[in-house]
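Got your viewer open? Let's take a walk through this structure, one selection at a time.

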Amino acid sequence: MSSAKPVLVVIGTAISLTCILPVGLGNGSGTGASTAWTTFAKQGYSVALIARGASAVTELAKEINSSGGHRSRPNSPKPQYVVRVAVFNAGHGVWKSFLDITPQDVQDVLQVTVAAAFSFARGAILAFKENDIAEPNGKRGTFIITGATASIRGNVTTSAFAAGKFGLRALSQSLAKEFGKENIHVAHAIIDGIILTGRQRELKGEEFAQNQDVRLSPDSIASSYLYLVNQDRSAWTWELDLRPAHEKW
């Protein structure tokens, strides 16, 4: 990397992929939180967070700074900072039978899952296009989109949710093909299972939390995201699927 400090931008600091709780842009305890401060901040990245509610961002910023990391803003000035990684974690869950789904449900899913992704992707890619190619990975930047089981498989109560996730996956594939030739790496991560968040710990209890065979660790997901970021230009992954050992699939 250049002498400029690399910046990770994360939208949606938490995402809980469960068929129980709908989620929006995140509340600070999940994939985004772990990706931000546990993994990337400790690897020298300055972290810019975009989340639902100022309190979540404030608390995460304190954790990042107290652990020796640095929290920045999405529009941090050049040449001191340069955006090298962007992660789209935002999602909105609707789990209803088809005839119970309202037009507003559909609009909410598409607005958060697809329209927001288009907007965020545009900003990230424009930022990447201004970057020099970094060595040794040969990239101008990495854009990671968090998907779900519903990204590739619909089910009886996921017609709205899956429509959004299918669209998000198609967007990621299109971007990967268009911008790979400009040394911009776009990857889609299918998270196939329940992530151990604070919310899930409360719902399912300590036995579930301690059983690594049945739930995904946020830190392990973050490590996989860092692996994607560090891939060199000769072998890029577009789609990665992650699930716990005992997940049925």
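Start by selecting Phe88. Phe88 touches Ile11, Val112, Thr113, Ala116, Ala117, Phe120, Phe143, Ile144, Ile145, Thr146 and Leu168, leaving aside residues up to four places away in sequence. Contact here means heavy atoms within 4.5 Å.

Before you click on, a note on what you're looking at. This is a predicted model, in which local features need pLDDT of at least 70 and side-chain atom pairs count only at pLDDT 80 or more, while totals for chains, interfaces and linings use all residues. Residues are numbered from 1 along each chain as its sequence is written, and side-chain values use heavy atoms, with hydrogens and water left out.

**Next stop: the core**

Add Phe120, Phe128, Phe143 and Leu175 to your selection. Together with Phe88, these touch the most other members of the largest nonpolar core, which has 23 residues. A nonpolar core is a set of buried Ala, Val, Leu, Ile, Met, Phe, Trp, Tyr and Cys residues joined through side-chain atoms within 4.5 Å. Buried means under 20% relative accessible area, exposed over 50%, and partly exposed in between (1.4 Å probe, protein chains only). Which element gives this core its largest share? That's H3, with 6 residues. Apart from this core lies another one, of 22 residues, including Ile144, Ile191, Tyr225 and Leu226.

**Two helices side by side**

Now color helix H3 (103-129) and helix H4 (159-179). Helices (H or I, at least four residues) and strands (E, at least two) are DSSP runs, numbered from the N terminus. H3 and H4 pack at an angle of about 15 degrees, with their axes 8 Å apart. Axes are lines fitted to C-alpha atoms, for helices over the stretch in contact, and angles run from 0 to 180 degrees between N-to-C directions. That angle makes H3 roughly parallel to H4, a label for angles under 35 degrees (over 145 is roughly antiparallel, 65 to 115 roughly perpendicular, the rest oblique). Want to see where they meet? On the H3 side, pick residues including Val109, Leu110 and Phe118; on the H4 side, try Phe161, Leu171 and Phe179, among others.

**Last picks: the backbone**

Zoom in on Pro136, in the loop between H3 and strand E5 (141-148). The peptide bond from Glu135 to Pro136 is cis, with omega near 10 degrees.

Then jump to Asn183, in the loop between H4 and strand E6 (184-191). Phi of Asn183 is near 65 degrees, a positive value in a residue other than glycine. Is Asn183 buried or exposed? Asn183 is buried, with a relative accessible area of 16%.
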